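Thank you all for coming; I would like to walk you through one structure this morning, slowly and in order. Please have a look at it on the screen before I begin.

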Amino acid sequence: MGGARGYANIAAMNDKPAMKPATVAAQALGWIDESTKAVVPPLHPSSTFVRDPDNQFRSGRVYARADNPTFDQAEAVLAALENGAGAALFASGMAAATAVFLSLKPGDHVVISRVMYWSLRNWLLGFATDWGLKVEIVDTTDLAALKTAMRPGQTALVWIETPGNPTLAVSDIAVAAEIAHAAGARLAVDSTVATPVFTRPLELGADIVMHSATKYLNGHSDIIAGALVTRLCDAHWEKIRAIRVQLGGVLGTFEAWLLLRGMRTLFPRVRAAAASAMAIAQHFRGHPLVADVLYPGLSNFPGHEVAARQMTGGFGGLLSLRVKGGERAAIATAANVKIWKRATSLGGVESLVEHRASVEGADSPAPPDLLRLSTGIEETSDLIDDLEAALSAAHS
Ligand SMILES: Cc1ncc(COP(=O)(O)O)c(C=O)c1O
């Protein structure tokens, strides 16, 4: 079952009042090790598990490529935060995402967001297309375009990323789910940027949620990890879990343990990052050296209305600035920061800046003047002052 199985082994807080998501995360579901009374779970590095004398595996464990007890609590916490029926950890966000597409059949039609993680888009247009998927890129912020793209009976999956990285394009999850379901397709949502702190896609009708757990879920830039959460533990979910076992894209034991530790501080980290992102967006809106600020929290941002409906409590820690003076000025601004780190990725406690067009290449929807900013949890005024100084230096 994944995630659900974990609950059986965890002294879940059955006798405690219902907890809000922030409490679930901070207490990691309130697990206590009954043998030691420890509030932090042990690591289980064992790759294999002993068979009973009568040839059975009553522990339910056979081999750690199939299953690892260290995953249980992290999967259960994530399933609870997303209000899903089960969760599965993977070796990376890419391992999680590709497992969803590999659970389809060659010949299936899939619709994907125009703005999405570039490396996954490249895999879909390369390997997955060669393998037989019919991949169609659609601007999923345009619901009429999404509806037109659907091929009832052939479209197996709609994949949206919202807010979409790096232009923060916002897709309407609830309506996308209706459109997908009407055509007999599933809806999967890459919710890495939104996090369960701000959006719960399964409650809006999505079938699967995907996270690059490398980012906010872990939050400390010290592991690569991925996760899927499902609305139903059905045959399709079992197929996805079988792909994890067969392809072997399993998370390491220590990474799973670190991920659980990271998730315990998810809410305060992500709320702080989002508050900073909002302050930075407001500060640089209308700035003489900035052509545009892309952030779903700004009332003039095209996706703001939908974001305000489906994101609760904040708009995330990712934003992009379009720097006046084009590509040269954008790259020079990144070159001049002293506190922000020039690095790829997002969702860590340290703030990162990146010129995305340089990374994504010719087919990227990232304009050449765009700098993607991932705010961390530093003092907001330090981040603003550093960007101000870098912009001035780039234009001097
Ligand atoms: C939105 C999004 N989805 C998926 C991924 C892929 O995750 P990973 O790098 O953990 O494989 C990334 C990585 O940058 C991402 O930003």
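Let me start with a question: which residue is the bridge partner of Val158 in S5? It is Leu187, and I should say straight away that we are reading this from a predicted model. The two strands involved are S4, residues 155-161, and S5, residues 186-190, which pair in the parallel sense over five bridges.

Stepping back, that pair belongs to an open sheet of seven strands, in the order S1-S7-S6-S5-S4-S2-S3, with mixed pairing. At the edges are S1 (86-90) and S3 (134-138), each of which pairs on one side only, and from one strand to the next the twist averages 20 degrees. Helix H7, residues 173-182, packs on this sheet and touches S4 and S5, with its direction making about 150 degrees with that of S5. Helix H9, residues 235-247, lies across S1, S5, S6 and S7, and runs at about 20 degrees to S1.

Now to the ligand, which has 14 residues around it, with Met94, Asp190, Ser212, Thr214 and Lys215 coming nearest. A nitrogen atom of the ligand is 2.6 Å from an N or O atom in the side chain of Asp190, while for ligand oxygen atoms the corresponding distances are 2.8 Å to the side chain of Ser212 and 2.6 Å to that of Thr214. Of the 390 Å² of accessible area that the ligand has on its own, the protein covers 91%. Helix H4 (93-102) and strand S6 (208-212) are the elements that give two or more residues to the shell, which by class has five nonpolar, six polar and three charged residues.

Definitions and conventions:
Residues are numbered from 1 along each chain as its sequence is written. This is a predicted model: local features need pLDDT of at least 70, side-chain atom pairs count only at pLDDT 80 or more; totals for chains, interfaces and linings use all residues. Side-chain values use heavy atoms; hydrogens and water are left out. A residue is near a molecule or strand if one of its heavy atoms lies within 4 Å of it. A polar contact is a pair of N or O atoms within 3.5 Å; within protein, one must be able to donate a hydrogen and the other to accept it, and residues adjacent in sequence count only if both atoms are side-chain atoms. Accessible areas come from the Shrake-Rupley method with a 1.4 Å probe; for residues, only the protein chains shown count as cover. Helices (H or I, at least four residues) and strands (E, at least two) are DSSP runs, numbered from the N terminus. Ala, Val, Leu, Ile, Met, Phe, Trp, Tyr, Cys and Pro count as nonpolar, Asp, Glu, Lys and Arg as charged, and the others, Gly among them, as polar. Two strands pair if DSSP finds at least two bridges between them. Axes are lines fitted to C-alpha atoms, for helices over the stretch in contact, and angles run from 0 to 180 degrees between N-to-C directions. Contact means heavy atoms within 4.5 Å.
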